Amino acid sequence: MTEPIRFPTKIAVLLRNDLAGWQRLNVTAFLVSGIAHAGPELLGEEYRDADGTAYLPMFGQPVLVFAGDRATLTNAHSRALARGLRLAVFTSELFATGNDRDNRAAVQAVGREKLDLVGLALHAGRTVVDKVLKGATMHQ
């Protein structure tokens, strides 16, 4: 039996725990796209099936999904920014927009301390992510 791979970094998504199922999926998909953009080196190799059909590469390490209440998200956001981490954020206003331009405008219209965060994603060292996400639980 081979030893499991232990990654020195962690990709994590934190979702507000009062989201509907479709919202959790939508927010997660958008947030991880930000991580993929900021860290293309996190992507593994292209996939191929036995017939040689090529498929897009995916992250080479797991994405862990956590949940927490509004205060947990606000605190995680503050801790991440205090550590100089880059984040992907999703605010409640983005559920009412339909494109990237309007999404960016909706975030830009609100000050950092007043963002109504429903999700965030980050990639950093394992212990750093654990400290940023203090109080969050694994999503169920």
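Start by selecting Arg112: at 56% relative accessibility this residue is exposed (exposed means over 50% relative accessible area, buried under 20%, partly exposed in between, with a 1.4 Å probe and protein chains only). Add Glu113, exposed too at 64% relative accessibility. Their side chains meet in a salt bridge, 3.9 Å from N to O (a side-chain nitrogen of Lys or Arg within 4 Å of a carboxyl oxygen of Asp or Glu).

A word on what you are viewing: this is a predicted model, where local features need pLDDT of at least 70 and side-chain atom pairs pLDDT 80 or more, while totals for chains, interfaces and linings use all residues. Residues are numbered from 1 along each chain as its sequence is written, and side-chain values use heavy atoms, leaving out hydrogens and water.

Next, select Asp100 and Arg104, whose side chains form a salt bridge of 2.9 Å, N to O. Both sit in helix α3 (residues 100-108), four residues apart, so about one helical turn separates them (helices are DSSP runs of H or I, at least four residues, and strands runs of E, at least two, numbered from the N terminus). Asp100 is partly exposed at 49% relative accessible area.

Now go to Arg16, which is buried, with a relative accessible area of 8%. Its side chain meets that of Asp18 in a salt bridge of 2.8 Å, N to O, and Asp18 is partly exposed at 48%. Add Arg70 and Asp116 to see the network of salt bridges linking these four residues. In total, the structure holds eight salt bridges.

Finish at Met58, in the loop between β3 (54-55) and β4 (63-68). Met58 is partly exposed, at 47% relative accessibility.
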